[in-house]
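User: I have a protein model open and want to learn how to read it. Can you take me through it feature by feature?

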Amino acid sequence: RYIQGTLLSAKDVFVCLFLSTAAASRAGEAPSRASRPSGACRPKVSRPAAPPLQRQAIVLLMHSQLRRAIDALGKSEKSCVVYGTDLEDSDVSKLCKALSRVDGLERLSLSTCALDDKRSKKLMSSLERTMPTLTYLGFFQNRIGDGGVIAIAQALQTGLRGLRELYLTQNSVGDRGACALGMALRCGIALNVLDLRANNLSDIGVAGLAGGVELSEALAILELRENNVGNVGVGALRACLLRNASLQAIPISQASIDKVMLDDLDQALSVNKTIAATLLQSKEALEGEVVSLHLDRSAVSDAEAAKVSHALRAASTLHTVSMQCNRIGDAGCCSLAELVRDASHIREIRLYGNTIGAPGAAALAAALAGNDSLVSLILGKNHIGNEGACALAPVLRGCRSLRTVDLHSNTIGRVGVVALSDALAGHSSLEELDLGHNLIDDDGAAALAASLAQCVQVVTVHLEENPISGATKD
């Protein structure tokens with residue numbers, strides 16, 4: 001479908017994103033009023049014929065459309081989305097009654113609907129009796145607490161045993177609710193994804209949850225970011241890695257992690273190569289090998305970076321290293337350079353906001369010599385200076401796959417930017433270069449402009465907060 005000439009609100013954008021991931025209606029059939037965001041219009045253009053698709057209608061329940069859209073629910077619906085509408089008790093009762101008439105509903109999302117424990121209990125009581133085909137349940141940004149989650153956990157063990165994805169992001173889930181979900185996982189439910197991001201879980205709840213995760217043969221992703229997870233919870237999750245090789249990711253950023261945790265990292269890796277439970281966040285796995293390392297804002301020091309590098313040395317499939325806003329200096333960067341050197345398919349390196357100087361930049365440059373896969377190099381807010389910029393110049397010259405280079409806030413002056421300019425002349429893939437908040441003067445800026453003029457495509461350059469005169473900027 002097309003939306004043209006319309007000022008989209010945030011809710012409209014949400015709807016568009018959801019529609020882009022599922023077949024909204026039969027090909028060539030105009031959407032109904034209830035399934036189209038307010039204000040959408042069709043352009044007066046011809047559309048190419050599309051192959052027939054199986055009907056998977058999505059009903060959007062928003063604002064004044066709510067009751068009318070509930071009435072429009074038919075027996076053939078596959079997905080139902082409710083977004084941005086505060087559901088009253090009567091609305092929930094009417095929705096439960098309408099959903100009970102649907103045969104084969106697979107996806108239900110109730111987001112930003114002011115669902116509390118009372119209403120979620122009523123909803124789950126209905127769903128577990130009437131929705132055995134449900135595979136996706138999304139309760140984003142509601143007010144569901146432990147009472148509602150306990151009802152959800154009970155439904156998972158009875159009428160909703162086929163559910164594969166459960167999202168409880170940004171609710172009020174506490175330790176009692178987490179323990180209830182852990183008990184459900186112990187019972188062998190088929191859940192593959194459990195998202196508890198931005199709730200009120202502490203170490204007690206995470207430990208109770210971990211007991212079920214450890215025994216689950218189906219769970220692959222457990223999202224725990226933006227909770228109050230500390231050393232005890234992290235230790236329980238590390239045990240999951242040692243005993244459950246099917247886990248793919250347990251992101252737990254902003255956790256308070258004891259340095260001792262790294263000492264057992266090798267042991268955990270020997271069982272589960274996906275590294276995500278202790279302090280690393282792995283977003284995807286490929287044949288049991290680590291492909292993505294995310295350890296941002298975790299107070300990682302040089303010694304800890306060395307341990308991480310040693311533990312992952314054999315991960316030849318690694319393509320992303322992200323350790324931003326830590327305490328990594330030259331020694332730690334040298335250790336990570338060894339890891340990067342062995343990862344022949346590295347695509348992204350993000351070390352923003354550390355204390356890396358010229359020696360660390362030089363070690364990283366040596367490790368990247370001959371690399372033809374690097375797409376993004378983020379080293380902003382470090383201390384590499386002119387010497388570090390000169391060391392990195394050959395990397396930029398030789399790596400023609402680079403699209404993004406961020407070196408802002410690195411005290412780079414004329415000498416450094418001239419070296420970078422020479423390396424970037426005629427570059428075929430560069431799209432963005434950030435050299436803001438440095439010490440680049442008029443001569444350095446002129447040299448950069450001359451080089452970028454030779455690039456194959458237009459490059460976005462950031463030079464904010466440099467001592468460049470107004471005439472040169474023009």
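Analyst: Start with the vocabulary. Helices and strands are DSSP runs, numbered from the N terminus; a helix needs at least four residues and a strand at least two. Note too that this is a predicted model. Serine 409, for instance, is found in the loop between β14 and α14 (414-424).

User: What is unusual about the phi of serine 409?

Analyst: Its sign. Serine 409 has a positive phi of about 55 degrees, yet it is not a glycine. Serine 409 counts as partly exposed because its relative accessibility is 22%, and buried means under 20%.

User: Where does glutamate 226 lie, and what is its phi?

Analyst: Glutamate 226 sits in the loop between β7 (221-223) and α8. Its phi is near 60 degrees, a positive value in a residue other than glycine. With 36% relative accessibility, glutamate 226 counts as partly exposed.

User: Now the overall view. How many helices and strands does the protein have?

Analyst: The protein has 16 helices and 16 strands. Of its 474 residues, 52% are buried. The accessible surface is about 20,300 Å², and carbon and sulfur atoms own 50% of that. Look at sequence separation as well. Take the contacts between residues at least 6 apart in sequence: 82% of them join residues at least 24 apart.

User: How do I read a sheet?

Analyst: General idea first. Strands of a sheet pair through backbone hydrogen bonds, either parallel or antiparallel. Here, an open sheet of 7 strands runs in the order β10-β11-β12-β13-β14-β15-β16, with parallel pairing. The edge strands are β10 (292-294) and β16 (460-462), each pairing on one side only. From one strand to the next, the twist averages 5 degrees.

User: Which residue stands opposite aspartate 406?

Analyst: Aspartate 434, in β15. The pair belongs to a parallel match: β14 (residues 404-406) and β15 (residues 432-434) are joined over 3 bridges.

User: Which residues does threonine 460 touch?

Analyst: First place it. Threonine 460 lies in strand β16. Beyond residues up to four places away in sequence, threonine 460 touches Glu431, Glu432 and Leu433. Threonine 460 and aspartate 434 are 26 residues apart in sequence, with 8.2 Å between their C-alpha atoms. Threonine 460 counts as partly exposed, because its relative accessibility is 43%.

User: Is β2 enclosed or open to the outside?

Analyst: Enclosed. All 5 of the 5 residues of β2 are buried, so the strand is largely enclosed by the rest of the structure. Check both faces. Ser79, Val81 and Tyr83 point one way, Cys80 and Val82 the other way, and all are buried.

User: How does β2 pair with β3?

Analyst: In the parallel sense, over 5 bridges. Cysteine 80 stands opposite leucine 108 in β3. Add the helix and you get a unit: β2, α3 and β3 make a right-handed β-α-β unit.

User: How do I read a nonpolar core?

Analyst: In soluble globular proteins, nonpolar side chains tend to be buried together. In this model, the largest nonpolar core has 54 residues, and those with the most contacts inside it are Leu127, Phe139, Leu166, Leu181 and Leu209. Elements that each supply at least two of its residues include β2 (79-83), α3 (89-99), β3 (107-111) and α4. Helix α5 gives the most, with 6 residues. A second, separate core of 52 residues includes Ala305, Leu374, Leu379 and Leu448.

User: Which residues are in contact with phenylalanine 139?

Analyst: Set aside neighbours within four places in sequence. Among the contacts of phenylalanine 139 are Leu110, Leu115, Leu123, Met124, Ile144, Ile152 and Tyr167.

User: Is arginine 119 buried or exposed?

Analyst: Buried, because its relative accessibility is 15%. Arginine 119 lies in helix α4 (residues 117-130). Not counting residues up to four places away in sequence, arginine 119 touches Leu87, Glu88, Asp89, Val92 and Ala114.

User: Which residues of helix α12 are buried?

Analyst: In α12 (residues 358-367), the buried residues are Ala358, Gly360, Ala361, Leu364, Ala365 and Ala367. These buried residues pack against α11 (330-342), β12 (348-350), β13 (376-378) and α13 (385-398).

Note on methods: Residues are numbered from 1 along each chain as its sequence is written. This is a predicted model: local features need pLDDT of at least 70, side-chain atom pairs count only at pLDDT 80 or more; totals for chains, interfaces and linings use all residues. Side-chain values use heavy atoms; hydrogens and water are left out. Two strands pair if DSSP finds at least two bridges between them. Axes are lines fitted to C-alpha atoms, for helices over the stretch in contact, and angles run from 0 to 180 degrees between N-to-C directions. Buried means under 20% relative accessible area, exposed over 50%, partly exposed in between (1.4 Å probe, protein chains only). Contact means heavy atoms within 4.5 Å. Accessible areas come from the Shrake-Rupley method with a 1.4 Å probe; for residues, only the protein chains shown count as cover. A nonpolar core is a set of buried Ala, Val, Leu, Ile, Met, Phe, Trp, Tyr and Cys residues joined through side-chain atoms within 4.5 Å. A crossover is right-handed if, with the strands pointing away from the viewer, the path from the first strand over the helix to the second runs clockwise.
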